Every structure is written in structure tokens, then in C-alpha cells.
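Me: I am new to this structure. Please take a close look at the place where the ligand sits, and walk me through what surrounds it.

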Amino acid sequence: MKNTKRKNCYGKHVFISGASSGIGRACALMFAGNGFHVVGVSRNTEEKTERFPGGGSLTLKRLDVTDEAAVREFVEKLPGTDIAVLCAGIGVAGPAETTPLELTRKQMEVNYFGTLNAAQPCRSRMRRQRRGLLIVIGSIAGRVSIPMQSQYSASKYALEAFTDAVRMEMRQYGVRACIIEPGDTKTGFTAARVMHSPNRDGGCYGRTLKRSVAKMASDEQNGKSPDTVARVALALSGKKNPPARVPVGLEYKALMQLLRIVPDRGKEMILSRMYLPKQ
Ligand SMILES: NC(=O)c1ccc[n+]([C@@H]2O[C@H](COP(=O)([O-])OP(=O)(O)OC[C@H]3O[C@@H](n4cnc5c(N)ncnc54)[C@H](OP(=O)(O)O)[C@@H]3O)[C@@H](O)[C@H]2O)c1
């Protein structure tokens, strides 16, 4: 990974959740390649430490972000927590009507509570050292709700609310918080998606869901490289006052601006056309 010699406002120690794949892995390599000492966690990873030419390092450890006590203990023992990039996440797809509560809970358990489990001990350490940057990986789906991804969207809207409040609470302690909002990105997310097949519920929604998920999968697999998101995260580490939220890429920035002025009914027409294809 190219060393871009950027300004660093927070310190050299970076904690990354979801570092074994996709956006988290790209962030881990990007920071380590730019001289940071990164500790990355995920459930399935070979535990190892790699050294990088610019003096950075990447240590990978196994950790499930849904295990609150284990995450707290892990974060408290880290050599430093100057920057935290909270990426661990999964996607659940299915019609809002038929998605079982257990899948909804799983979705919130990883994306929302998992992020909180990691954020809380990091922010306590950052508050004590009166410096730190919390970067949450949200989604465009946290700004506009996507049909057939109601639970995923809800988990990402929740992260927007959480991050906004944290930013206000922590400012007085020199701690900054922001949310990166990627759009379609080519990662392992597509293959890992859990889809609730409503066939067991009489087959309603079945075809629509299939087409909708196929559209999402194709958009993601033709989407941006995760390095694009990692570059945004690295750039934030050089900003004393990072913006509250950063959509990734000009087209998503423009889309967010446009959606500010489009009335709800118009938004829903656009999103329905995109994600509820007729054939
Ligand atoms: N790809 C997209 O189009 C897209 C768009 C917008 C936002 N995002 C967001 O970006 C983030 C990263 O996703 P990605 O696209 O990079 O997908 P990915 O390639 O599937 O990576 C997800 C990472 O999260 C980890 N993870 C999942 N559950 C975990 C748990 N319980 N504990 C610890 N780690 C866990 C995975 O590792 P293990 O399975 O080994 O635990 C993996 O490292 C997610 O929050 C996702 O919602 C993705």
C-alpha cells in the first residue's frame, strides 16, 4: 500500500473491527501502509502480525464484536486507541413483513450493538487521553431506506443517530466522531448476505425479493473498490475537525444533495424503480 505521507492529528494506534475482509481489510492495509500500528479483529482470521516498509504494522486477532465483555477486555489491553474504524457488519435481506425477529435481532446484534460494544471502550480511552477519532462505517442505506433491506437500513440509521450524539458528547474531550457512508462496494458483503426466503410464508414477495437481491448483488459486485473507502478513512485521520458524515464518491455525494430537495414521494419512486424491479 502506497505511503501517502499525510498529516496525522490523533496518534499512531488504530483499532479496526471487521478487518479480515472488504472495507475493514482495505482500511487495515491502508493505515498500516502509512505508518500506523493497526490491530484488526474479526471472527475468522489467522492471528498474525505483519510489518510494513514505512514503519507501520498490522496485527490480526480473532474477536466477535457481539461479545461485549470480550470486546471490552480486548480494547482495554490494546497498546493504544487513537483511531477506531468500526466496520464489522453483515446484511440481512428480506421483506419487512416476513423477516423473522431472530434475523432482525442478528442484524442489530452485529451492526448496531457490535459497533457499540467496540465504540464504548474505545471512546472511554480516547476521553481519558483527551484525543481520538471514532470512524463508524455506515451506509447510504442509513440515509435512505432500501426496500427488501428494511432491517439493514434500520441498523445503519441507528448508527447515524448514535454517531451524531457521540460527536456532540465527545467534542469537549477532544474526541471526534464521524460516519463514512459507502455506496455499492465490491467486497465479501454480497456473498455473506443472509437472505430470508419468504417461500415458507406462502411465496408472496418471492419473485420481487429475488430480483431485488440480484440487483443489489450486481450493483455491489460492479461497485467501487474498498480501497476508495479506506482512502476516505485515512484522509479523516488528517483532519482536526472531520465532517459529520462522508458519502463515498462524487455520485453518492451528488445523490445525497439531490435527495435533500426531492420530496419523500419522489424518493420512494426512485428507490422502488431501483430495488423493486418488475422483471
Ligand atoms: N459492500 C458494500 O456494498 C457496503 C456498502 C455500504 C456499507 N457497507 C458496510 O461496510 C462494512 C464492511 O462490510 P464489507 O462490505 O467490507 O463486507 P465484508 O467483506 O463481508 O466484511 C465484513 C467484515 O465484518 C466482519 N464481521 C462480521 N460479523 C462480525 C462479528 N460478529 N464480529 C467481528 N467481525 C465480524 C467480517 O469478518 P468475519 O466474518 O471473519 O467475522 C468481515 O471482516 C459493513 O458495516 C457494511 O454494512 C458495505
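Reply: Here is the ligand site, from the ligand outward to the pocket.

Keep in mind that this is a predicted model. Start with the ligand and its shell. In that shell are 29 residues. The closest are Ser-21, Ile-23, Arg-43, Tyr-152 and Thr-187. Sorted by class, the shell holds eleven nonpolar, 13 polar and five charged residues. Two helices each give at least two residues to this shell: helix 1, spanning 22–33, and helix 4, spanning 150–170.

Now look at single atom pairs. Tyr-152 places a polar side-chain atom 2.6 Å from an oxygen atom of the ligand. Gly-188 works through its backbone: an N or O atom there lies 3.0 Å from a ligand oxygen atom. Gly-18 also uses a backbone N or O atom, at 3.1 Å from an oxygen atom of the ligand. How much of the ligand does the protein bury? Alone, the ligand exposes 880 Å², and the protein buries 94% of that.

Next comes the pocket. The ligand takes up the space of the largest pocket. This pocket holds about 1100 Å³ of space. Its lining counts 50 residues. Nearest its centre lie Gly-89, Ile-90, Tyr-152, Thr-187 and Phe-189. Tyr-152 and Thr-187 are also listed among the residues closest to the ligand.

Several elements give two or more residues to the lining. Among them are helix 1, strand 2 (37–42), helix 3 (101–129) and helix 4. Further along the chain, helix 5 (189–192), helix 6 (206–221), helix 8 (250–261) and helix 9 (264–275) do so too. Helix 9 supplies the largest share, four residues. By class, the pocket lining divides into 25 nonpolar, 17 polar and eight charged residues.

Terms used. Residues numbered from 1 in each chain as written. Predicted model: local features only at pLDDT ≥ 70, side-chain atom pairs only at ≥ 80, totals over all residues. Heavy atoms only, no water. Near = heavy atom within 4 Å. Polar contact = N/O pair within 3.5 Å; in protein donor to acceptor, adjacent residues only side chain to side chain. Areas by Shrake-Rupley, 256 points an atom, 1.4 Å probe, with all protein chains shown as cover. 1 Å grid on protein atoms, 1.4 Å probe; cavity = no way out; pocket = protein on both sides within 12 Å on 5 of 7 lines; lining within 4 Å. Sits in = over half its atoms within 2 Å of the grid points. Nonpolar A, V, L, I, M, F, W, Y, C, P; charged D, E, K, R; others polar. Points joined across faces, edges and corners; volume = space filled by probe spheres on them.
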